[in-house]
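Colleague: Could you take a close look at the cysteines in this model for me? I would like to know which are linked and which are left on their own.

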Amino acid sequence: MRARRRPVPGADAIMIGVAAALILWPALVNGYPLIFSDTGTYISQMMERHLGWDRPPFYSLLVLAAGLGRSLWPVIAGQGLLAAALIRATHRLLSPDAGTLDSALLLVILAAGSSLSWTAAQVMPDIFTPLMVLAFAILILAPQGAAGLIVPAMVIGLAILVHLSNMPIYAGLCLCVLPLRALRQRVRWRPLLLPFLLGLAGLTAVNAIARGRISPSPYGGTFLLARLIENGPARTTLAHDCPKAGWALCAYRGDLPRTADGFLWRADSPLYRAGGPRRLIDQTDAIVRRTIVEHPAAVLGAAIRDFGLQLVIFSPGSGLRPWYATAWQTIRRDLPQTAYAAYLASRQARGRMAVPPLLAAFVQALAVGGMGLTCGFALYAAAARRLRPEAASLGLFCWIVVLALAGNAAVTGALSGPHARYQSRMVWLTVLAGWLVLRQIQAGCRSRPTSNTT
């Protein structure tokens, strides 16, 4: 029997701090936190005191609270620390003998060879989706009566609040995993359901107060309509039912953009010329309902195609453009001059920030390998009759990762359309799971008795 290593006081905290800096290396190379087009909205919602129709305000509150409206560095610093801490907690849970140096090696691999760093270093709530999955796994797999479950539950609640896609992804995880877990031992329902209910209540309350609509996602139908327009069924509905239906979009049915992004974000889109998402939402929901009822096969077929495409589309560092017309202008307008000057000096603002092709190929290769190991061990664990407790827990973790990847692809691909950014935020979980599988196989080989022959 291998003796369990004694923890060194404070070693984990030091390692997590150093690992957070390693995770944020793209921002350090850039000279500024990475931004995306949506970053501008998250900054302006609090600084300019307005509530956008398409995003909840909670990540904006986090941006404001972390940087006090003066800097974006504290935001990504918090994201890096939270990622490192949850990865370490997951590693300790699934590999009880893993020491601080073991987790440090794992974090170095994730920082250098996965999409983790490119997601955590960006001022976007995307990092909270995979962290929600890790927090969910901790709540599911931790021993009964284990302390320290408050933080994972808080992470889940925060993840649901900061990004609308996380609520259906988390609900799907609960529906898929909890029955499997309940067959083996009692499930702690309260820490799993309470953050979901609090997140749902928070989103609904904000929309009821600020928008007068009692819904966690009052304008979600607009995104679905954009997807149905790009895929075609909604165009057929408008062509068939207009002008007798009286929808404002009927006047623009011959001028609809080819893509969902064009419909949602172009300033001259029929969506805004006809009145805007807020004024059109009742008509938007009606068009979506009519399309689903009249063309169910076409809608389902397009959703399945988008789901399959989203599963395999990913690349690190998606969206590293300067974003002149969106985030650039918000940084100039709402942040101090020193922060704006720092952004102007960054590689991204000068159009020189990109993922090297060899690194991108390496990251994608590791992700594909991790997917293979994760799916393979999940199937092996499901088929095996007897497994050691550590292997059984790892098998369930692999299933959680597989289900999370599928749920993420279904929600984002079907509603927003396949984009490399959506799956990139998640695929680093397969590198984590794949590494744990390799270590589990290695430990199993070491534990096999050897026979002596004479």
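Modeller: Happy to; here is a walk through the cysteines, with a short look at the main pocket at the end. Please keep in mind that this is a predicted model. A disulfide is a covalent bond between the sulfur atoms of two cysteines. The count here comes to one disulfide, and the partners are Cys242 and Cys250, with an S to S distance of 1.9 Å. The link between Cys242 and Cys250 is left-handed, at -70° about the S-S bond. Both ends lie under the 20% cut-off for buried residues: Cys242 has a relative accessible area of 8%, and Cys250 has 7%.

Cys174, by contrast, is in no disulfide. Its nearest cysteine sulfur belongs to Cys176 and is 9.6 Å away, so the pair falls outside the 2.5 Å limit for a bond. Cys174 is buried as well, at 10% relative accessible area. Cys398 is also in no disulfide, and the nearest cysteine sulfur, from Cys375, is 8.6 Å away. With a relative accessible area of 0%, Cys398 is buried.

Now to the largest pocket, which has a volume of about 1300 Å³. Its lining holds 49 residues, and the closest to the centre are Asp38, Asp54, Arg55, Phe223 and Trp265. Among the elements that give two or more residues to this lining are helix H10 (166-182) and helix H21 (389-415). By character, the lining residues divide into 23 nonpolar, 18 polar and eight charged.

Conventions
Residues numbered from 1 in each chain as written. Predicted model: local features only at pLDDT ≥ 70, side-chain atom pairs only at ≥ 80, totals over all residues. Heavy atoms only, no water. Buried < 20%, exposed > 50% of the residue type's maximum accessible area, 1.4 Å probe, protein only. 1 Å grid on protein atoms, 1.4 Å probe; cavity = no way out; pocket = protein on both sides within 12 Å on 5 of 7 lines; lining within 4 Å. Points joined across faces, edges and corners; volume = space filled by probe spheres on them. Helix = DSSP H or I, 4+ residues; strand = E, 2+ residues; numbered from the N terminus. Nonpolar A, V, L, I, M, F, W, Y, C, P; charged D, E, K, R; others polar.
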